[in-house]
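Colleague: I've got a fresh model open and I'm still learning how to read one. Can we go through it together, one question at a time?

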Amino acid sequence: MAPARGGYKPARETPEQAARRECVEELGVTLDSSALVLEEHVTTSGGRKGHLMVVRLHALSDEITPNGEISQARWVAVDLTDLPHDSAVSKRVGSALETHLGRPPRSGFR
């Protein structure tokens, strides 16, 4: 899945723990115990520094139950055919997945 939203990561959490917590809290997704950070990017917006981490997690079901903070959530194919190309997050997710899958980046992702 390619969420287009991030969350707050307390200093005591690893990126994997934060991604797992955010998926449970914001999407109601049940996950297995595996997690892998695929890429990390330092970002800036409005003069503020942030971190964007692309983390691979495995859901135990297809059910998504977004909370009030999420306006839209859906699963996308692992082959990236239905990943939207119009968002910076999607470009980074696409790039990370292609690198992880050992594919050369498609145009528009890097």
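Modeller: Sure! One term to begin with: a nonpolar core is a set of buried Ala, Val, Leu, Ile, Met, Phe, Trp, Tyr and Cys residues joined through side-chain atoms within 4.5 Å. Keep in mind that this is a predicted model.

Colleague: Okay. What pattern does the protein chain follow along the sequence?

Modeller: Start with the pieces: the protein chain has two helices and two strands. Read them in sequence order and the pattern is α-β-β-α.

Colleague: How many residues make up the largest nonpolar core?

Modeller: Its members include Ala19, Cys23 and Leu27, and also Val29, Leu31, Leu57, Ile64 and Ile70. Helix α1, residues 15-27, gives the most to this core, with three residues. Nonpolar side chains in soluble globular proteins tend to be buried together. In this core the total is eight residues.

Colleague: And how many residues are in the other core?

Modeller: That one lies apart from the largest core. Among its members are Val54, Val93, Ala96 and Leu97, and the full count is five residues.

Colleague: Back to α1. What distance separates its end C-alpha atoms, and why does that agree with the expected span?

Modeller: Helix α1 has 13 residues, and at 1.5 Å a residue they should span 18 Å. The expected span is 1.5 Å times one less than the number of residues. The distance in the model agrees with that, because the end C-alpha atoms are 17 Å apart.

Colleague: How wide an arc do the buried residues of α1 cover around the axis?

Modeller: The buried residues are Ala18, Ala19, Glu22, Cys23, Glu26 and Leu27. They sit on the same side of α1, because the arc they cover is only 135°.

Colleague: Which strands do those buried residues pack against?

Modeller: Take Ala19 as an example: beyond its neighbours within four places in sequence, Ala19 is in contact with Val55 and Leu57. Strand β2 covers residues 48-59. Taken together, the buried residues of α1 pack against β1 and β2.

Colleague: So how many bridges join β1 to β2?

Modeller: The two strands run antiparallel, with β1 covering residues 31-45. One of the pairings puts Glu39 opposite its bridge partner in β2, Val54. The total is 11 bridges.

Colleague: Last one: which residue in the hairpin turn has a positive phi?

Modeller: β1 and β2 form the hairpin, with two residues between them. Elsewhere, just after α1, Gly28 takes a positive phi of about 65°. In the turn, the residue with a positive phi, about 60°, is Gly46.

Methods
Residues are numbered from 1 along each chain as its sequence is written. This is a predicted model: local features need pLDDT of at least 70, side-chain atom pairs count only at pLDDT 80 or more; totals for chains, interfaces and linings use all residues. Side-chain values use heavy atoms; hydrogens and water are left out. Buried means under 20% relative accessible area, exposed over 50%, partly exposed in between (1.4 Å probe, protein chains only). Helices (H or I, at least four residues) and strands (E, at least two) are DSSP runs, numbered from the N terminus. Contact means heavy atoms within 4.5 Å. Two strands pair if DSSP finds at least two bridges between them. The arc is that of the directions from the helix axis to the C-beta atoms.
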